[in-house]
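Q: Can you walk me through this one? I'd like to start with the sheets and then jump around a bit.

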Amino acid sequence: MLALIRRGLAAFLLTLFLAACQVIPDAGQGPATTAPPPQVEGPSEGVLPTDDARHRVAILVPLSGDNANVGRAIANAATMALIDTNAQGLRITSYDTAGGAASAAAEALDNGNRLILGPLLSEDVAAVAAAARPAGVPLIAFSNDSAVAAQDVFVLGHVPEQSVARTVAYAMQQGARSFAALVPQGAYGDRTAAALTRAVSAGGGTLVASERYDRGNTSIVSAAGRLRAREGYDAVLIADGARLSALAAGALVRGGVRPNLLGTELWSGESTIANASAMNGAWFSAVSDDRFRQFVTSYKSRFGDTPPRIATLGYDAVLLTLRVARDWRHGSPFPVAALRAPDGFLGLDGPFRFGADGVGERAMEVRQVGDGTVTVIDAAPTRF
């Protein structure tokens with residue numbers, strides 16, 4: 001059964017890749033000939049072999065230390081993408097950023113890599129970009145922090161501001177007009193609060209109140225109590241994970257009535273959310289999980305464990321690189337302009353495209369929490 005699912009995923013992605021990324025012979029060449037199947041190699045560590053027939057691409061992720069499980073899952077997913085698409089023309093090498101992102105970037109550049117996939121952590125982006133920029137090497141970062149985007153730094157992660165905007169727009173379509181928020185202290189809270197303000201204003205609604213809290217059981221319940229004492233709103237955004245959001249939801253009930261609850265992409269993949277009765281009817285937005293489920297089965301059969309949700313970024317980064325590689329001549333810089341194709345790209349997480357600011361725009365679906373289930377109530381668009 002696992003083999004059938006794995007072959008199904010491979011067949012789907014190979015079809016997708018060949019349809020969107022068929023290599024066209026250079027002008028002046030004769031008819032294309034059938035080449036023997038390539039020997040596909042995944043991310044390697046150690047000595048980089050001499051290879052003038054393939055583009056060199058680096059993956060910069062933590063392969064040791066606290067975030068090693070995430071970094072290795074991203075690198076493993078990149079390997080899967082190479083194998084599943086029977087890719088030709090790429091050599092992908094992994095570099096460990098746990099010992100220093102700047103030194104990892106320097107090593108990658110010394111090895112002749114012309115594109116960097118990564119880093120994972122937003123705080124590492126500046127160091128990697130500072131090393132790569134003089135060499136004309138762009139970054140496709142796995143971060144979800146839109147603040148690190150630049151002309152040569154593209155943000156591939158699932159940006160929380162987009163999740164907030166999608167959910168608020170849907171809530172307003174359903175009649176919500178007055179909003180309140182529970183947002184944590186720190187950068188994530190700042191970003192979601194700002195996104196809520198923009199989304200409500202864009203839809204002609206009103207932001208009535210907002211309460212901040214330090215992440216923890218007591219603090220969020222106290223903040224919810226303060227918000228409950230306010231009036232004049234019909235929807236509340238809770239910008240936290242499922243467990244704390246459920247605690248806050250229970251504290252927001254007033255006179256047996258609870259306002260509409262809205263969440264962020266942090267609820268995606270958290271199974272406990274469906275079993276929290278206080279969350280029934282809540283809405284949140286995220287990229288589709290349809291292909292992710294198939295990816296998980298294939299990943300487990302190959303590597304023996306369950307990948308974190310973010311692992312698909314490694315897979316999609318390789319699909320993206322292969323798509324652009326049809327216009328990338330060997331020995332030349334990576335064609336950065338191709339990343340801004342208005343029709344975007346298609347990956348495991350659905351369609352996406354990069355804006356002029358370098359931030360990846362995602363197609364997101366709206367989900368509703370029910371009695372023991374989470375269902376899609378407004379599907380993600382299938383293309384831009």
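A: One definition before the sheets: two strands pair if DSSP finds at least two bridges between them. Also keep in mind that this is a predicted model.

Q: OK. What is the strand order in the open sheet of five strands?
A: The order is E2-E1-E3-E4-E5, and the pairing is parallel.

Q: Which are the edge strands?
A: Strand E2 (90–96) and strand E5 (153–155), each of which pairs on one side only. From one strand to the next, the twist averages 20 degrees.

Q: How many bridges join E4 to E5?
A: Three bridges, with strand E4 (residues 139–141) running parallel to E5. One pair to look at is Ile140 and its bridge partner in E5, Phe154.

Q: Which strands does helix H10 lie across?
A: Helix H10 (residues 312–325) lies across strand E1 (55–61), E2, strand E3 (115–117) and E4. Relative to E3, H10 runs at about 155 degrees.

Q: Next, the open sheet of three strands. Is the pairing parallel or antiparallel?
A: Antiparallel, in the order E11-E12-E13. Strand E11 (345–347) and strand E13 (360–362) are the edge strands, each pairing on one side only. The twist there averages 35 degrees from one strand to the next.

Q: What holds E12 and E13 in register?
A: Three bridges join strand E12 (residues 350–354) to E13. In E13, Gly360 is the bridge partner of Phe354.

Q: And E14 with E15, how many bridges?
A: Four bridges, in the antiparallel sense, between E14 and strand E15 (residues 374–378). Val369 stands opposite Val374 in E15. The hairpin has four residues between the strands, and Gly372 takes a positive phi near 80 degrees in this hairpin.

Q: Switching to charges. How many salt bridges does a search of the whole structure find?
A: It finds 15. One of the salt bridges is formed by Arg367 with Asp289, where the closest N and O atoms are 3.4 Å apart.

Q: Why does that pair tie together parts that lie apart in sequence?
A: Arg367 is in strand E14 (residues 365–369), while Asp289 is in the loop between strand E10 (283–286) and helix H9 (290–303), so the pair ties together parts that are 78 residues apart in sequence.

Q: Pockets now. How much space lies in the second largest pocket?
A: About 620 Å³. It is lined by 23 residues, and the closest to its centre are Phe142, Asn144, His158, Glu265 and Ile310.

Q: Which helices each supply at least two residues of that lining?
A: Helix H4 (122–132) and helix H6 (187–202).

Q: How does the lining divide into nonpolar, polar and charged?
A: There are 10 nonpolar residues, seven polar and six charged.

Q: Last topic, backbone oddities. Is the peptide bond from Gly118 to Pro119 cis or trans?
A: It is cis, with omega near 5 degrees. Pro119 lies in the loop between E3 and H4. For context, most peptide bonds are trans.

Q: Where does Asn86 lie, and what is its phi?
A: Asn86 lies in the loop between helix H2 (68–84) and E2. The phi of Asn86 is near 50 degrees, a positive value in a residue other than glycine. In general, most residues other than glycine have a negative phi.

Notes:
Residues are numbered from 1 along each chain as its sequence is written. This is a predicted model: local features need pLDDT of at least 70, side-chain atom pairs count only at pLDDT 80 or more; totals for chains, interfaces and linings use all residues. Side-chain values use heavy atoms; hydrogens and water are left out. Axes are lines fitted to C-alpha atoms, for helices over the stretch in contact, and angles run from 0 to 180 degrees between N-to-C directions. Contact means heavy atoms within 4.5 Å. On a 1 Å grid over the protein atoms alone, a cavity is a set of points where a 1.4 Å probe fits but cannot get out, and a pocket is an open set with protein on both sides within 12 Å along at least five of seven lines; lining residues have an atom within 4 Å of a point. Grid points are joined across faces, edges and corners, and a volume is the space filled by probe spheres set on the points. Ala, Val, Leu, Ile, Met, Phe, Trp, Tyr, Cys and Pro count as nonpolar, Asp, Glu, Lys and Arg as charged, and the others, Gly among them, as polar. A salt bridge is a side-chain nitrogen of Lys or Arg within 4 Å of a carboxyl oxygen of Asp or Glu.
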